[in-house]
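These notebook entries record what I looked up in one structure. I begin with the overall fold and then turn to single residues.

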Amino acid sequence: MVPAVERLPVSTCRICGYAFDCATDVRSDARPKPWDVSLCLQCAAIGIYDGNMRVVEPPLLLLLELEHDPEIRRVREHLVRHGPGIRG
């Protein structure tokens, strides 16, 4: 099954500068909501969606918490090793 792609306002990764305007959920076809986590497909940086559905830097304490989340770590490691082709 191929995940649904959602078109969103253009965001730019705070680390590598990669610009993107779409998102997919690694677990379902859910559309992202404000404060959901986003991972850059180029460098695996962690971001969150703001109220305007743009990806921004999370507050520091949240970022530290997200960096230790087992599922986020697994997906980030996959992105670093294999690129954006996430499979179930």
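**Entry 1. Overall fold.** I counted two helices and five strands in the protein chain, in a model that is predicted. Reading along the sequence, I noted the order β-β-β-β-β-α-α. I then checked the radius of gyration, which is 12 Å; the globule rule gives 12 Å for 88 residues, so the chain is as compact as a globular protein of that length. For its dimensions, I recorded that the C-alpha atoms fill a box of roughly 35 × 25 × 20 Å along the principal axes.

**Entry 2. Surface, burial and charge.** I found that 28% of the 88 residues are buried. The protein chain exposes about 6000 Å², and carbon and sulfur atoms supply 55% of that area. I listed 11 positive and 12 negative side chains, with the centres of the two sets 4 Å apart. I also looked at contacts between residues at least 6 apart in sequence: of these, 38% join residues at least 24 apart.

**Entry 3. The nonpolar cores.** Which residues make up the largest nonpolar core? I wrote down nine: Leu39, Ala44, Ile46, Ile48, Leu63, Leu66, Ile72, Val75 and Leu79. Two or more of these residues come from each of strand 4 (46-49), helix 1 (60-67) and helix 2 (70-82). Helix 2 gives the largest share, with three residues. I noted a second, separate core of six residues, among them Leu8, Phe20, Ala23 and Tyr49.

**Entry 4. Ile48.** I next looked up what surrounds Ile48, a member of the largest core. Setting aside neighbours within four places in sequence, I found Ile48 in contact with Trp35, Asp36, Val37, Ser38, Arg54, Val55, Val56, Pro58, Pro59, Leu62 and Leu66. Two of these partners, Ser38 and Leu66, have entries of their own below.

**Entry 5. Ser38.** I located Ser38 in strand 3. Is this residue buried or exposed? Ser38 is buried, at a relative accessible area of 8%. Not counting residues up to four places away in sequence, I found that Ser38 touches Phe20, Ala45, Ile46, Gly47, Ile48, Tyr49 and Val55. Among these partners, Ile46 and Ile48 are listed in the largest core, whereas Phe20 and Tyr49 are listed in the second one.

**Entry 6. Leu66.** I placed Leu66 in helix 1 and recorded its relative accessible area as 9%, which means that it is buried. Beyond its neighbours within four places in sequence, Leu66 is in contact with Val37, Ile46, Ile48, Pro58 and Ile72. Of these, Ile46, Ile48 and Ile72 share the largest core with Leu66. I also took the C-alpha to C-alpha distance from Leu66 to Tyr49: the two are 14 Å apart in space and 17 residues apart in sequence.

**Entry 7. Positive phi angles.** I looked at two residues, neither of them a glycine, with positive phi. Ala44 has a phi of about 70 degrees and sits in the loop between strand 3 (37-39) and strand 4. Ala44 is buried, with 1% relative accessible area, and is one of the nine residues of the largest core. For Met53, I recorded a phi near 65 degrees. Met53 lies in the loop between strand 4 and strand 5 (55-56). Its relative accessibility is 13%, and Met53 therefore counts as buried, the cut-off being under 20%.

Terms used
Residues numbered from 1 in each chain as written. Predicted model: local features only at pLDDT ≥ 70, side-chain atom pairs only at ≥ 80, totals over all residues. Heavy atoms only, no water. Core = buried A, V, L, I, M, F, W, Y, C linked by side-chain atoms within 4.5 Å. Buried < 20%, exposed > 50% of the residue type's maximum accessible area, 1.4 Å probe, protein only. Helix = DSSP H or I, 4+ residues; strand = E, 2+ residues; numbered from the N terminus. Contact = heavy atoms within 4.5 Å. Rg over C-alpha atoms; globule rule 2.2 N^0.38 Å. Areas by Shrake-Rupley, 256 points an atom, 1.4 Å probe, with all protein chains shown as cover. Lys, Arg positive; Asp, Glu negative; His and termini not counted. Charge placed at Lys NZ, Arg CZ, Asp CG, Glu CD.
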